[in-house]
Amino acid sequence: MDDEYIKSLSQEEKIVFLKMFCRLIKADGVIDAEEISFLKSIAARYGVGNDVIVSIVKNSSSINIEEEARKITSRNKALHLLRELCLLANLDEDLHDNELDIIIDTSRAMGIEDDKVILINRFVLDSLILAKTGRVIMEEENG
């Protein structure tokens, strides 16, 4: 997905994003290999060191979703956070109720409308389907 928004994030906002991702990964009780890979890759994209990630993961159970989400005051950044959360939640092709609760709680804490969250999730799902179709067409995957 588009990484341009990352340039506009402060270090604190990057940490908030990563905290939210960690909470989402642990939400369904199953930590999928793709989810861990996503977390590592996004931390690298954000320029955040492994020590910070390890600390966040260790303390992820105590993260207050609403409190962290309210630190994101820009609507554009909030929309990007929701897009990334929807992408992460859908990577394992099973959007769990607890994951959905985190996304909804996050969006409401940032003042984003439920209808917008539905549109973002649809966009993410369509993007994942299109990417998979492309890999099948290019014979990189068997469908």
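**Exercise 1.** Which helices do the buried residues of α1 pack against?

*Solution.* A word on the model before we start: it's predicted, with local features needing pLDDT of at least 70, side-chain atom pairs counting only at pLDDT 80 or more, and totals for chains, interfaces and linings using all residues. Residues are numbered from 1 along each chain as its sequence is written, and side-chain values use heavy atoms, with hydrogens and water left out.

Step 1: find the helix. Helices are DSSP runs (H or I, at least four residues), numbered from the N terminus. Helix α1 covers residues 11-27.

Step 2: pick the buried residues (buried means under 20% relative accessible area, with a 1.4 Å probe and protein chains only). They include Ile15, Phe17, Leu18, Phe21 and Cys22. With 12 of its 17 residues buried, α1 is largely enclosed by the rest of the structure.

Step 3: look for contacts (heavy atoms within 4.5 Å). The partners turn out to be α2 (33-46), α3, α4 (65-69), α5 and α6.

**Exercise 2.** Work out how α1 and α3 are oriented to each other.

*Solution.* Step 1: fit the axes, which are lines through C-alpha atoms over the stretch in contact, with angles running from 0 to 180 degrees between N-to-C directions. The axes of α1 and α3 (residues 50-58) come within 9 Å and cross at roughly 50°.

Step 2: classify. Under 35 degrees is roughly parallel, over 145 roughly antiparallel, 65 to 115 roughly perpendicular and the rest oblique. So α1 and α3 are oblique to each other.

Step 3: see who's touching. α1 brings Ile15, Leu18, Lys19, Cys22 and Lys26, while α3 brings Val52, Ile53, Ile56 and Val57. By class that's seven nonpolar, no polar and two charged residues.

**Exercise 3.** Check the span of α7, then describe how α7 packs with α5.

*Solution.* Step 1: the expected span is 1.5 Å times one less than the number of residues. For the 24 residues of α7 (residues 114-137) that gives 34 Å, and the end C-alpha atoms sit 35 Å apart, which agrees.

Step 2: list what's buried in α7, namely Val117, Ile120, Asn121 and Val124. These pack against α5 (75-90) and α6 (97-109).

Step 3: get the geometry. α5 and α7 pack at an angle of about 50°, with axes 9 Å apart, so this pair is oblique.

Step 4: name the contacts. Among them are Leu79, Leu82 and Cys86 on α5, and Ile120, Phe123 and Leu128 on α7. The contact has 10 nonpolar, two polar and three charged residues.

Methods: Helices (H or I, at least four residues) and strands (E, at least two) are DSSP runs, numbered from the N terminus. Buried means under 20% relative accessible area, exposed over 50%, partly exposed in between (1.4 Å probe, protein chains only). Ala, Val, Leu, Ile, Met, Phe, Trp, Tyr, Cys and Pro count as nonpolar, Asp, Glu, Lys and Arg as charged, and the others, Gly among them, as polar.
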